[in-house]
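Visitor: I am new to this structure. Please walk me through it, one question at a time.

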Amino acid sequence: MRRRAGLLGALSLLALAAAPVQAQSADFPPKKTVTIVVGFAAGGAADMAARVIGKKLGDNLGATVVIENKAGAGGNLAHQYVAQGPTDGSVLLFGSVGPLAIAPHLMKVGYDPIRDLAPITMGVNFPNVLVVHAGAGIRSFADFIAAAKKTPGRLDYASTGPGSASHLAGELLDDMAHIDTVHIPYKGGAPALQDLLGGRVTAYYSTYSTSQQHIDAGKLVPLAITGPKRLPQLPGVPTIAESGYPGYNATNWYAFVAASRVPRPVLDRWNAELVKVLKSPEVVAELNRHGMPPAPGTREELGREIERESAYWGRVIRDRKIVMD
């Protein structure tokens, strides 16, 4: 009898120990609205991708998922906001390479990407496209370099903000091509595109999804691809690397992260749900159509990618003495 009583007592203790975990699982997804924060203005590539993913996520979970655009400082404001935000898993961040791996090497930011933000999964990974407005009189990448060399400090380009992928793409080309272009930061792809189309800025290292319809309409001229491979959607447009600057590589990506204080079981559940969404045929087709192929993976893989990209861009910034404008 004593042995049986002892066994029952031990089982009771195990049940009590498991109760918080069971309760935590029962609360997934969180009982409140799930928010996906985007660090750029509505209408850009990050916003579009987040809405495609968020809709499918909400459908899968039977939950309300909203997109909150928190533009400013190249996405850094959104990253700080989420790093200091709720810890119940109700707020996710569709983070980007700039604030997660580049900006901390260029400026003081109010968060530590490694300490304050926890990786969930890579979202999309893609190159940018260097485009100019049709009235600029530039028809090729060689024309762009020639124009920059002819009038140093005059040819300007837009970016989605200081320390963003589109900013560093220009800085890297300036250094490798020995040119001097002028960086004009915006609060996202939509306002940058608006000024580009209006001729108020000459060039932009744009996501394909942002410039696609205007390239098709002849309003923008694609000059070169910033990644190691040509885009399937623009097979006739060369990479910068193959255009005389071997080794040039400035890819762009968006990934899901959350506040590091969110419990690990919740982060793991979010990874499972988001990977499921990113592998669903309709989401894959829609993101591929906009030149942003999904790249789902494990939490550990994303953590290593952030550290690798941070080391790469930190080295580029130091070696090439890139400074903020």
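Visitor: Which elements cover the buried residues of helix H8?
Guide: First, a caution: this is a predicted model. The cover of the buried residues in H8 comes from both helices and strands. The strands include S5 (129–133), S8 (203–206) and S9 (220–225). The helices include H2 (45–61), H7 (189–197) and H10 (281–289).

Visitor: How many of the nine residues of H8 are buried?
Guide: H8 spans residues 208–216 and is mostly covered. Tyr 208, Ser 209, Thr 210 and Ser 211 are buried. Gln 212, His 214 and Ile 215 are buried too. The count is seven.

Visitor: Why does Gln 212 count as buried?
Guide: Gln 212 sits in helix H8. Buried means under 20% relative accessible area. Gln 212 qualifies because its relative accessible area is 15%.

Visitor: Which residues does Gln 212 touch, leaving out those up to four places away in sequence?
Guide: Gln 212 belongs to H8. With residues up to four places away in sequence set aside, its contacts are Arg 289 and His 290.

Visitor: Which residue just after H8 takes a positive phi?
Guide: H8 covers residues 208–216. Just after this helix, phi turns positive, at about 80°. The residue is Gly 218.

Visitor: Where does Ala 73 lie, and is Ala 73 buried or partly exposed?
Guide: Ala 73 is not a glycine, yet its phi is positive, about 55°. Its place is the loop between S2 and helix H3 (76–83). Its relative accessibility is 38%, so Ala 73 counts as partly exposed.

Visitor: And His 178: buried or exposed?
Guide: His 178 is in the loop between helix H6 (165–177) and strand S7 (182–185). Its phi is positive, near 55°, and His 178 is a residue other than glycine. The cut-off for exposed is over 50%. His 178 has 68% relative accessibility, so the class is exposed.

Visitor: Which strands stand at the edges of the sheet S7-S6-S8-S5-S9?
Guide: Five strands make up this open sheet, and the pairing is mixed. An edge strand here has a single partner, so one side is left without a neighbour in the sheet. From one strand to the next, the twist averages 30°. The edge strands are S7 and S9.

Visitor: In what sense do S5 and S8 pair?
Guide: Four bridges link S5 and S8. Val 131 stands opposite Tyr 204 in S8. The sense is antiparallel.

Visitor: At what angle does H6 run to S6?
Guide: H6 lies across three strands: S6 (156–159), S7 and S8. Its direction relative to S6 is about 150°.

Visitor: Which strands are at the edges of the sheet S2-S1-S3-S10-S4?
Guide: This is an open sheet of five strands with mixed pairing. Each edge strand pairs on one side only. Neighbouring strands are turned by 25° against each other on average, direction ignored. The edges are S2 (65–69) and S4 (117–127).

Visitor: Which residue stands opposite Ile 36?
Guide: Strand S1 holds residues 34–38 and strand S3 holds residues 91–96. They pair in the parallel sense, over four bridges. In S3, the residue opposite Ile 36 is Leu 92.

Visitor: Which strands does H2 lie across, and which does H9 lie across?
Guide: H2 runs at about 165° to S2. H9 (residues 264–278) runs at about 20° to S4. H2 lies across S1, S2, S3 and S10 (251–259). H9 lies across S1, S3, S4 and S10.

Visitor: Now the whole chain. How many helices and strands are there, and what share of the residues is buried?
Guide: The C-alpha atoms fill a box of roughly 95 × 40 × 30 Å along the principal axes. The protein chain holds 325 residues. It has eleven helices and ten strands. The buried share is 54%.

Visitor: Of the contacts between residues at least 6 apart in sequence, what share joins residues at least 24 apart?
Guide: This share is taken over contacts in the protein chain. The value is 78%.

Visitor: How far apart are the centres of the positive and negative side chains?
Guide: The protein chain carries 33 positive and 27 negative side chains. Each set has its own centre. The two centres lie 6 Å apart.

Definitions and conventions: Residues numbered from 1 in each chain as written. Predicted model: local features only at pLDDT ≥ 70, side-chain atom pairs only at ≥ 80, totals over all residues. Heavy atoms only, no water. Buried < 20%, exposed > 50% of the residue type's maximum accessible area, 1.4 Å probe, protein only. Helix = DSSP H or I, 4+ residues; strand = E, 2+ residues; numbered from the N terminus. Contact = heavy atoms within 4.5 Å. Lys, Arg positive; Asp, Glu negative; His and termini not counted. Charge placed at Lys NZ, Arg CZ, Asp CG, Glu CD. Pairing = 2+ DSSP bridges. Axes fitted to C-alpha atoms, helices over the stretch in contact; angles between N-to-C directions.
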